[in-house]
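This report goes through a two-chain model one part at a time. The sequence and the structure are shown first, and the description follows.

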Amino acid sequence: MSDDNDSSRVFTPPNLLRAKVGNKPGPDLNQIVAKAEAALTELKDDYEVWIRDDLQTLRDAVASLRQEFDPKVLERIKTLGHEIKGQGSTYGYPLLTTAGNLLYSFIDRDADVAAQHLDLIYAHVDFMTLILNQNIHDQGDANAQGVLSGLQSAAEKAHGDHTRPASATRSAT
Amino acid sequence: MTISLEALSILVVDDNKHMHSVVKAILNSMRIKNVRFSDNAADAFMEMRQWHPDIIITDWAMQPLDGLDFVRLVRKGADSPNPYVPIILLTGHTEMCRVIEARDTGVNEILAKPISIKSLYTRIAAIVQSPRPFVKAKNYFGPCRRRGTNLNYKGPERRKDEFAL
């Protein structure tokens with residue numbers, strides 16, 4: 001961040017936006033939140049159509065990878081995981097956000113490892129489908145937490161098996 | 001008490017149309033109706049030329065140019081329609097290294113996905129009410145990256161000078 005120091009110039013552009021909005025008071029923040037949540041609730045049915053499409057795309061992508069590996073397809077799966085992470089909670093599905101993040105992180109950590117564990121990628125998709133089908137909105141749902149924990153452990157094991165030196169693997173077994 | 005934001009115009013740049021609906025719903029709840037959308041950075045740059053939005057909200061993960069490429073175009077492009085336009089970056093990437101990368105590219109605010117309604121309001125209000133000064137340096141042009149002033153700092157002021165436009 002040294003560029004904010006030596007030989008830098010600091011200046012304040014005129015605040016045109018403050019002048020534009022004026023001094024008119026706006027709605028109470030709680031009213032804004034309530035109105036936005038109501039609007040997002042109206043979008044929820046649409047979201048459930050979108051997310052089902054995304055889950056089908058993920059299933060098709062995994063099937064395609066089983067036929068022939070293509071790094072672009074794996075990247076697409078990662079991107080969709082990231083997008084699901086970014087939207088689930090907005091529509092009352094925090095576990096979809098968590099699962100989307102797990103899927104994204106599993107591939108992002110090491111795509112080569114992920115490519116060898118397509119069943120685990122598919123398990124993430126199955127889990128997200130389950131959340132949707134069973135309408136699970138509670139982040140603390142015990143059964144769902146159990147599955148999440150299993151996915152995390154499996155991902156750790158997959159990456160760990162590939163990073164552990166061969167001698168360590170032998171001595172551990 | 002909040003300030004009315006309804007006079008603002010906002011350009012939303014995201015290649016995911018679902019996110020267009022989400023952001024539109026939230027902005028409309030703030031009475032911001034003057035909202036346009038672009039699917040990619042190139043279209044957004046064109047839109048800026050014709051429409052001059054007050055604020056830009058952009059996603060990071062896009063193709064072929066990503067959100068930070070777009071920010072660079074806006075801040076440093078020789079043909080940028082408005083290098084000073086406030087930019088809020090929406091991203092699911094919240095790791096510290098990513099946040100620093102975004103900040104060093106010249107975004108005003110970073111907002112994590114899933115979007116918090118209150119956080120989006122707070123960031124827009126901050127841009128309007130307390131805009132940060134701009135810094136022009138050898139390798140950086142954008143809003144000042146210093147978030148606070150250390151009142152106990154006794155060292156020399158290393159910046160060359162400060163002035164208002």
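Along its sequence, chain A follows the pattern β-α-α-α-α-α-α-α-α, that is, one strand and eight helices. The model is a predicted one, and the confidence for chain A averages a pLDDT of 89, with 89% of its residues reaching 70 or more. Among the elements of chain A, helix α6 (residues 118-133) has the highest mean pLDDT, 97, and helix α8 (residues 166-172) the lowest, 41. Over residues 166-173 of chain A the pLDDT stays under 50, and the model has one contact beyond four places in sequence for this stretch.

Chain A has 173 residues, of which 25% are buried. Among its contacts with a separation of 6 or more, 67% are between residues 24 or more positions apart. One exposed position is A:D28, which counts as such because it has 11 C-beta neighbours inside 10 Å. A:D28 sits in the loop between α1 (16-21) and α2 of chain A. A:D28 and A:F11 are 17 residues apart along the chain, and their C-alpha atoms are separated by 33 Å.

**The contact between the chains**

Chain A brings 43 residues to the contact and chain B brings 50. On the chain B side, α1 (17-29), α5 (117-129), β6 (134-136) and β8 (161-164) each supply at least two residues. The element that gives the most to this side is α1(B), with seven residues. Sorted by class, the side of chain B that touches chain A has 27 nonpolar, 13 charged and 10 polar residues.

The two chains also share strand pairing. Strand β1 (residues 9-12) of chain A runs antiparallel to β6(B), and three bridges join them. Within this pairing, A:R9 has B:K136 in β6(B) as its bridge partner.

**Helix α1 of chain B**

The 13 residues of α1(B) should span 18 Å at 1.5 Å a residue, and the end C-alpha atoms are 19 Å apart, which agrees. Its buried residues are B:H18, B:M19, B:V22, B:V23, B:A25, B:I26, B:L27 and B:S29. An α-helix has 3.6 residues a turn, so residues three or four places apart point the same way. The buried residues of α1(B) pack against elements of both chains: α2 (29-67) and α3 (71-87) of chain A, and β1 (9-13), β2 (34-38), β3 (55-59) and α5 of chain B.

**Strand β3 and the nonpolar core**

What covers the two faces of β3(B)? In a regular strand the side chains alternate between the two faces of the sheet. In β3(B), B:I55, B:I57 and B:D59 lie on one side, B:I56 and B:T58 lie on the other, and all are buried, so both faces are covered. Because five of the five residues of β3(B) are buried, the strand is largely enclosed by the rest of the structure.

β3(B) pairs with two strands of its own chain. Four bridges join β1(B) to β3(B), and the two run parallel; here B:V12 stands opposite B:I57. Strand β4 (residues 87-91) of chain B also pairs with β3(B) in the parallel sense over four bridges, with B:I88 as the bridge partner of B:I57.

Leaving out residues up to four places away in sequence, B:I57 touches B:I10, B:V12, B:V23, B:I88 and B:L90. The largest nonpolar core has 67 residues, and B:I57 is among those that touch the most other members, together with B:I10, B:I26 and B:I55.

**Backbone exceptions in chain B**

Most residues other than glycine have a negative phi, and most peptide bonds are trans. The table lists four exceptions.

| Site | Feature | Value |
|---|---|---|
| B:Q63 to B:P64 | cis peptide bond | omega about -5 degrees |
| B:K113 to B:P114 | cis peptide bond | omega near -5 degrees |
| B:R31 | positive phi, not a glycine | about 70 degrees |
| B:H52 | positive phi, other than glycine | near 55 degrees |

These sites are in loops of chain B. B:P64 lies between β3 and α3 (67-76), and B:P114 between β5 (109-112) and α5. B:R31 comes just after α1(B), in the loop that leads to β2. B:H52 is in the loop between α2 (41-51) and β3.

Are the two positive-phi residues buried or exposed? B:R31 counts as partly exposed because it has 15 C-beta neighbours inside 10 Å. B:H52 has 12 C-beta neighbours inside 10 Å and therefore counts as exposed.

Notes:
Residues numbered from 1 in each chain as written. Chains lettered and ligands numbered in written order. Predicted model: local features only at pLDDT ≥ 70, side-chain atom pairs only at ≥ 80, totals over all residues. Contact = placed C-beta atoms within 7 Å. Nonpolar A, V, L, I, M, F, W, Y, C, P; charged D, E, K, R; others polar. Pairing = 2+ DSSP bridges. Expected span 1.5 Å × (residues − 1). Buried ≥ 20, exposed ≤ 12 C-beta atoms within 10 Å, placed from the backbone. Core = buried A, V, L, I, M, F, W, Y, C linked by C-beta atoms within 7 Å. pLDDT = per-residue confidence, 0-100.
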